[in-house]
Amino acid sequence: MARPAAAVTTLLAVVVLVSVAASLPAAVVGDARFVARTCKRTNHTECVKMLSADRRSARATTVRQLAGIAVDIAAATVKSSAAAVYGKFLENHGQALELTLLECWWMYDLAAGEAQAAVDAYSSGGRGAYLDVVRHQLTGYYAGIMCDNMIVRRASVSPVADIDRTTATHCNIAVDLIGLLY
């Protein structure tokens, strides 16, 4: 009698393990599809790449969660961009782009504070907060765009072109994902 009970218990354990193992890859694929479907609604080719860089995206089940992750990523991008632009300003001391890079850094430094305000506003929740998030987040977007425009007018090659492009793109994606919540 003890043998059939042990066999049934073992068989049940195997069935549970197999079903759990079989469901894990499906969940990961489902999450990747959710991210891709959501990003498709933003029309940004780099949206999936940006969100996939953050492990939290694989567990996101709502657009609100993905938008929050995007706001965090954009804020981190703006903050690191401010530091990188400041570094470029120091490297170009005494050169033609020195003052332009200083102006860029000022914009990025302001945008870094606004990016944190966007994260804080998003955390507070509510529909009215989304407008505040967008307003704060656009500061980072425009810092990237304006810095790039200022440098292109003064030099043939921008030492911060990639920084400006990445910042503007990440902020724009975050704003568009927030727009999906309306």
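Good morning. If the bonded cysteines of this chain are numbered in sequence order, they pair 1-2 and 3-4. The structure on the screen is a predicted model, and it holds two disulfides. I shall take these in turn, then the core, and then the confidence of the prediction.

The first pair for discussion is Cys39 with Cys47, whose sulfur atoms are joined at an S to S distance of 2.1 Å. Both of these cysteines are buried. Which hand does this disulfide have? The torsion about the S-S bond of Cys39 and Cys47 is about -65°, so the bond is left-handed.

The other pair is Cys104 with Cys147, again with sulfur atoms 2.1 Å apart. This disulfide links distant parts of the chain, since Cys104 lies in helix 4 and Cys147 in helix 5, 43 residues apart. Its torsion about the S-S bond is about 100°, so this disulfide is right-handed. Are its two ends buried or exposed? Cys104 has 0% relative accessibility and therefore counts as buried. Cys147 is likewise buried, with a relative accessible area of 0%. While we are on cysteines, please note Cys171 as well, which is buried with a relative accessible area of 0%.

I now turn to the interior. In soluble globular proteins, nonpolar side chains tend to be buried together. In this model, the largest nonpolar core comprises 49 residues, and those with the most contacts inside it are Leu51, Val71, Tyr122 and Ile178. At least two residues of this core come from each of helix 1, helix 2 (47-52), helix 3, helix 4 (98-124), helix 5 (127-154) and helix 6 (161-179). Which helix gives the most? Helix 3 does, with 13 residues.

Ile178 serves as an example of the packing. Leaving aside residues up to four places away in sequence, Ile178 touches Ala67, Val71, Tyr122, Tyr130, Val133 and Val134.

Finally, the confidence of the prediction. The mean pLDDT of the chain is 86, and 82% of its residues reach 70 or more. Among the elements of the chain, helix 3 (residues 63-91) has the highest mean pLDDT, at 97, and helix 1 (residues 2-40) the lowest, at 55. Where does pLDDT stay under 50? It does so over residues 6-30, and for this stretch the model has zero contacts beyond four places in sequence.

To close, the element that gives the most to the core, helix 3, is also the one with the highest mean pLDDT. Thank you for your attention.

Note on methods. Residues numbered from 1 in each chain as written. Predicted model: local features only at pLDDT ≥ 70, side-chain atom pairs only at ≥ 80, totals over all residues. Heavy atoms only, no water. pLDDT = per-residue confidence, 0-100. Helix = DSSP H or I, 4+ residues; strand = E, 2+ residues; numbered from the N terminus. Contact = heavy atoms within 4.5 Å. Core = buried A, V, L, I, M, F, W, Y, C linked by side-chain atoms within 4.5 Å. Buried < 20%, exposed > 50% of the residue type's maximum accessible area, 1.4 Å probe, protein only. Disulfide = S-S within 2.5 Å.
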